[in-house]
Amino acid sequence: MELLANKVALITGASRGIGKAIAEAFVEHGACVLIGDITPEIFVVGDALYQTANGRARAVRLDVTSAEQAQAAVDAAVREFGCLDVLVNNAGIHRPHPFLEFPLAEMELVFRVNFYGSFLCGQAAARQMVKQGNGGCIINMSSASGKKPDEGGSAYNSSKSAIISLTRIEALELGKYQIRANAILPGATDTEMLRDVFTQVPGLKQLLEERTPLGKMAAPRDQANAAVFLASDLASHITGEQLVVSGGEFMET
Ligand SMILES: NC(=O)c1ccc[n+]([C@@H]2O[C@H](COP(=O)([O-])OP(=O)(O)OC[C@H]3O[C@@H](n4cnc5c(N)ncnc54)[C@H](O)[C@@H]3O)[C@@H](O)[C@H]2O)c1
């Protein structure tokens, strides 16, 4: 079943990991996708998607910390596919340091990518959606780490908390335009970002799996399926919410 037929989506940070899985899932569900990333690999992913999706995919170089590049990506989606219905703010970075030694430059970098990037792309996309007058959907990739502390997470966890707050503001202020905004809060998901953390913290992978009721990490596709649902008309009355995808590790008490 195609849940996203006739929808046009912009997905940030789609060179690999969860963003790439979201792009693949979106085209499988009939969407046209413009994918962006700071790395040149985005064009390799874009070419592969273009082939499998019969032309319903394009790639752009996008640094989400730049307002100009965020606007250019939105303009490219409209130029290539006629409109923009869905934004997935997926690009993110993690720079763990102990609180007492946390370098200000690293704090600024993480907030620029994770939080300002979501703000800038959200603003550019929402302005376009308001102009179209057709509603729209913003999906912000937060994290379960936005709701609980992790050692070394002064920047990452705080930026992910801020994204939850931003999502609610977007839902509140954009609802009158029928633009929905929701956050996905992944638990541990098997991507290169997490594999980097596992090399630094021996035993963490086993610990995570043991404390997860479903007994395993998420696959990137698990997060992508949540994004498909939130972007689809099945979620047409859901806004301002947080969808935790963690195999039960972060179930609310
Ligand atoms: N993997 C996990 O366990 C996990 C858990 C919770 C939340 N998340 C979140 O999910 C999202 C994707 O994570 P992932 O595990 O796939 O990470 P990843 O590192 O594999 O992918 C992140 C992508 O973002 C891109 N990126 C970084 N800076 C950018 C910038 N300035 N502009 C554009 N693109 C940029 C990277 O090049 C990369 O392709 C992130 O926001 C992350 O915080 C991941």
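## A first look at the chain and its ligand

The ligand is surrounded by 28 residues (a residue counts if one of its heavy atoms lies within 4 Å), and the closest are Arg 16, Asp 37, Asn 90, Tyr 156 and Thr 191. This is a predicted model, in which local features need pLDDT of at least 70, side-chain atom pairs count only at pLDDT 80 or more, and totals for chains, interfaces and linings use all residues. Residues are numbered from 1 along each chain as its sequence is written, and side-chain values use heavy atoms, leaving out hydrogens and water.

**Around the ligand**

- By class, the shell holds 13 nonpolar, 11 polar and four charged residues; here Ala, Val, Leu, Ile, Met, Phe, Trp, Tyr, Cys and Pro count as nonpolar, Asp, Glu, Lys and Arg as charged, and the others, Gly among them, as polar.
- Helix H1 (17-28), helix H5 (156-174) and helix H6 (192-200) each give at least two residues to this shell.
- Asp 37 places a polar side-chain atom 2.6 Å from an oxygen atom of the ligand.
- Tyr 156 also has a polar side-chain atom 2.6 Å from a ligand oxygen.
- With Ile 18 it is a polar backbone atom that lies 2.8 Å from an oxygen of the ligand.
- Taken alone, the ligand exposes 830 Å², and the protein buries 94% of that (Shrake-Rupley method, 1.4 Å probe).

**The chain as a whole**

- There are eight helices and seven strands in the chain, taken as DSSP runs (H or I, at least four residues, for helices; E, at least two, for strands) and numbered from the N terminus.
- For 253 residues, a compact globule would have a radius of gyration near 18 Å, and the chain agrees with its 17 Å; the radius is taken over C-alpha atoms, and the rule is 2.2 Å times the number of residues to the power 0.38.
- Buried residues (under 20% relative accessible area, 1.4 Å probe, protein chains only) make up 52% of the 253.

**A closer look at Asn 114**

- Asn 114 sits in helix H4 (residues 104-132) and is buried, with a relative accessible area of 1%.
- Its side chain makes a polar contact with the side chain of Ser 159 at 3.1 Å; such a contact is a pair of N or O atoms within 3.5 Å, and within protein one must be able to donate a hydrogen and the other to accept it, while residues adjacent in sequence count only if both atoms are side-chain atoms.
- A polar atom of the Asn 114 side chain also lies 2.9 Å from the backbone nitrogen of Ile 93.

Notes:
Buried means under 20% relative accessible area, exposed over 50%, partly exposed in between (1.4 Å probe, protein chains only).
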